[in-house]
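Colleague: Got a minute to go through this one with me? I'd like to hear how the labels were arrived at.

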Amino acid sequence: MKVFNDDSFKVFDVEGLDERMVAIRANIQPIFADIMTEVSTRLSAFVGHETFVHIAQHRRRTRYAPENTWSAISDSKRGYKSQAHLQLGIWDNYVFMYLSIIDNPAKREQYADDLAKHHDFPEDFVYSLDHTKPEFFSVTEGLEKGIQRLHDVKKGEFEIGRIISRESTIWQEDPQAYVLETFEALFPLYQRLND
């Protein structure tokens with residue numbers, strides 16, 4: 001299975017929309033396809049039905065190069081934002097593996113209610129409240145407020161999982177196993193939210 005390396009992060013040093021998209025297609029999207037195909041196969045076995053891989057193409061961009069890029073897995077062949085989904089993505093300083101609730105899905109409040117009842121996450125998990133910004137927080141700090149915000153704010157978002165920083169020693173150890181283990185830890189939550 002392919003894995004990210006320092007060249008993956010250097011993609012975000014490339015100036016210009018077209019030039020950066022060429023670098024993303026060459027250096028990042030094949031890694032997304034490889035890893036997420038494996039995750040999707042495992043997730044489909046776990047939930048008992050087919051799941052689908054989506055890779056961000058950034059087609060709506062006309063001027064600014066993307067500051068991050070991502071791939072997703074959902075129950076829908078047509079898209080992923082309408083439901084809780086799994087995301088593998090990369091910023092210039094870390095890779096993230098999240099269960100994501102973004103862009104005001106129809107069941108946003110229901111998702112928040114369910115998360116509020118079941119949030120016994122590993123202590124090394126982090127969460128994000130805005131998929132367009134690189135900030136994330138430890139689950140040991142303010143998690144309940146983040147979940148409540150998802151419930152109360154129409155454009156509220158919530159993503160939870162793990163990150164691997166660019167400097168992490170995980171890259172020299174077994175990053176593939178870490179990524180797969182993280183997603184498998186999110187499978188029960190994915191199933192519960194999408195039942």
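Colleague: By class, what makes up the lining of the largest pocket?

Modeller: Bear in mind that this is a predicted model. The lining has 7 charged, 7 polar and 5 nonpolar residues. In all, 19 residues line the largest pocket, and His-58, Arg-60, Trp-70, Tyr-80 and Lys-81 lie nearest its centre. The space in there comes to about 590 Å³.

Colleague: Of those near the centre, why does Lys-81 go with the charged class and Trp-70 with the nonpolar one?

Modeller: That follows from the class lists: Lys and Arg count as charged, whereas Trp and Tyr count as nonpolar. His is on neither list, so His-58 goes with the polar residues.

Colleague: Moving on, why is Ala-116 called partly exposed?

Modeller: Its relative accessibility is 46%. Buried would need under 20% and exposed over 50%, so a value in between gets the label partly exposed. Ala-116 belongs to helix α4, residues 108-117. The C-alpha of Leu-143, 27 residues away along the chain, is separated from that of Ala-116 by 9.2 Å.

Colleague: And what makes Lys-133 partly exposed?

Modeller: The reasoning runs along similar lines: Lys-133 has a relative accessible area of 45%, and partly exposed covers what is neither under 20% nor over 50%. Lys-133 sits in the loop between β5 (126-128) and β6 (137-138).

Colleague: Which residues is Lys-133 in contact with, leaving aside neighbours within four places in sequence?

Modeller: Trp-91 and Ser-128. Contact here means heavy atoms within 4.5 Å. As for Asn-68, 65 residues apart from Lys-133 in sequence, the C-alpha to C-alpha distance is 9.2 Å.

Colleague: How do you know that strand β4 is mostly covered?

Modeller: Count the buried residues: 8 of 8 in β4, residues 94-101. On one side there are Tyr-94, Phe-96, Tyr-98 and Ser-100, on the other Val-95, Met-97, Leu-99 and Ile-101, and all are buried, so both faces are covered.

Colleague: What makes β3 and β4 a pair?

Modeller: Pairing takes at least two bridges, and β3 (residues 85-90) and β4 have 6, so they qualify. The sense is antiparallel, and a hairpin of 3 residues joins β3 to β4.

Colleague: How do you know that β4 and β7 pair as well?

Modeller: There are 8 bridges between β4 and β7 (residues 158-165), against a minimum of two, so this counts as a pair too. That pairing is also antiparallel. Phe-96 in β4 shows both partners: Gly-89 stands opposite Phe-96, and so does Ile-163 in β7.

Notes: Residues are numbered from 1 along each chain as its sequence is written. This is a predicted model: local features need pLDDT of at least 70, side-chain atom pairs count only at pLDDT 80 or more; totals for chains, interfaces and linings use all residues. Side-chain values use heavy atoms; hydrogens and water are left out. On a 1 Å grid over the protein atoms alone, a cavity is a set of points where a 1.4 Å probe fits but cannot get out, and a pocket is an open set with protein on both sides within 12 Å along at least five of seven lines; lining residues have an atom within 4 Å of a point. Grid points are joined across faces, edges and corners, and a volume is the space filled by probe spheres set on the points. Helices (H or I, at least four residues) and strands (E, at least two) are DSSP runs, numbered from the N terminus. Buried means under 20% relative accessible area, exposed over 50%, partly exposed in between (1.4 Å probe, protein chains only).
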